[in-house]
Amino acid sequence: MATTETPRGPDASGHFGRFGGRFAPETLMTPLAELEAAYKAAQADPAFARELDDLRRNFCGRPTPLYHARRLEAALGNRIAIWLKREDLLHTGAHKINNTVGQGLLALRMGKRRVIAETGAGQHGVATAAAAAHLGLDCVVYMGEEDMRRQHLNVQRMKLLGAEVRGVASGQKTLKDAINEAMRDWVTNVADTHYILGSVLGPHPFPGMVRDFHAVIGREARAQFEALEGKGAVPDLLVACVGGGSNALGLFSDFVGDPRVKLIGVEAGGRGIATGRHAARLASDAPTVGVLHGTETFVLQDADGQIRATHSVSAGLDYPAIGPEHAWMHEQGLARYESVTDEEALAAFHTLSRLEGILPALETAHALAWLERAAPGLPTGTRVIVNLSGRGDKDVEEVLRVEREGLDG
């Protein structure tokens, strides 16, 4: 279990240290309180735990393997040992379904028959659509039009699963704008609608609740690593990409505060930090605190407090804020946050595909690229787990387009 001496939170007001909270319109205060109460009741209900466990095993496909990437090890000089936590093998192709089945069950407990969601890379949208279909819920997914172009396959998958996909043409037409529209929908339809928020973001109780639904990743990884390496053994290093940060917190959760385990979150460096065309909230030179989508955290903003435009080849990392627990972990020194450029991520996408026969999502490719870059400087014998948060089928068309037209095409 995590051993940090500082309470991780969230506290009763939804804060992780000075980050988090509940910044929302008055209209949403009642449904947020209702959700918090429903979640607390579900946590104490053995029947909820049994139903969630059954869905995880028989619908989602847990447990996921801890895969020893020996050919990748060899390519990096056989100096470090590398395992991949294969969340890409879950139903719908990413870690996102861990959260959507949990929140779907909560929607049923609250008597809400309609769910909405936002999505960037499309994986949360697909996972929400799948959970809604399985549980008999009506589903609407908001997605920026630029992301719909980049993730055309996932748009079609959502529609086939019975969801209505609503394109968002405002702003950059990406994830931030999709969240804006989902929030507007929720304000209008609170009586019968639950918002299945897709990351460790938003107003309390979402950041802690989404983390908890994904914490199964870290629990499994710890047990699987012990089975391979001996009782009490832990990895030396955990690596995961960070957009909002749900897959990273899922893996990190069972290890936070353990001095034997270093935690690395990898953000989108885009075209390079110096260009300003990136989505690196913590890896940039001067992270700043602001409020976005209901939570106080580190955000990319200008001198006037206006949210800055972001860029990443990866739709799932193209977001100007980071989950408040990550902000707290950064401030407490419990995790380190690095960035990787578009070019590095694309190269890592090809490396894993050709060496291990696994197409990684472009989000995950950022974590792999950081490891490839850092490997020569790691102590010999370092044992690493990388969270393979999603599969790359959704990114094939975009990768081919970039190779044909260039990153600025």
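In this predicted model, I179 sits in helix 8, which runs over residues 175-188. The side of the story that matters for solvent is quickly told: I179 counts as buried, because its relative accessibility comes out at 4%. Leaving aside residues up to four places away in sequence, I179 touches E118, Y195, H293 and Y319. As for R150, it comes 29 residues away from I179 along the chain, and the C-alpha atoms of the two are 17 Å apart.

Turning to pockets, the largest one has a volume of about 250 Å³. It is lined by 16 residues, and those closest to its centre are E146, R149, H311, R401 and L407. Two helices each put at least two residues into this lining: helix 6 (145-150) and helix 15 (396-405). Sorted by class, the lining of the largest pocket holds 9 charged residues, along with 4 polar and 3 nonpolar ones.

On the cysteine front, the disulfide count is 0. With a pair needing its sulfur atoms within 2.5 Å to qualify, C139 drops out because its closest cysteine sulfur, in C60, is 15 Å away, too far for a bond. C241 fares no better: the closest cysteine sulfur to its own is again in C60, here at 19 Å, so that is too far for a bond as well. Both of these cysteines are tucked away from solvent, in that C139 is buried with a relative accessible area of 9% and C241 is buried at 2% relative accessibility.

Definitions and conventions:
Residues are numbered from 1 along each chain as its sequence is written. This is a predicted model: local features need pLDDT of at least 70, side-chain atom pairs count only at pLDDT 80 or more; totals for chains, interfaces and linings use all residues. Side-chain values use heavy atoms; hydrogens and water are left out. On a 1 Å grid over the protein atoms alone, a cavity is a set of points where a 1.4 Å probe fits but cannot get out, and a pocket is an open set with protein on both sides within 12 Å along at least five of seven lines; lining residues have an atom within 4 Å of a point. Grid points are joined across faces, edges and corners, and a volume is the space filled by probe spheres set on the points. Helices (H or I, at least four residues) and strands (E, at least two) are DSSP runs, numbered from the N terminus. Ala, Val, Leu, Ile, Met, Phe, Trp, Tyr, Cys and Pro count as nonpolar, Asp, Glu, Lys and Arg as charged, and the others, Gly among them, as polar. Buried means under 20% relative accessible area, exposed over 50%, partly exposed in between (1.4 Å probe, protein chains only). Contact means heavy atoms within 4.5 Å.
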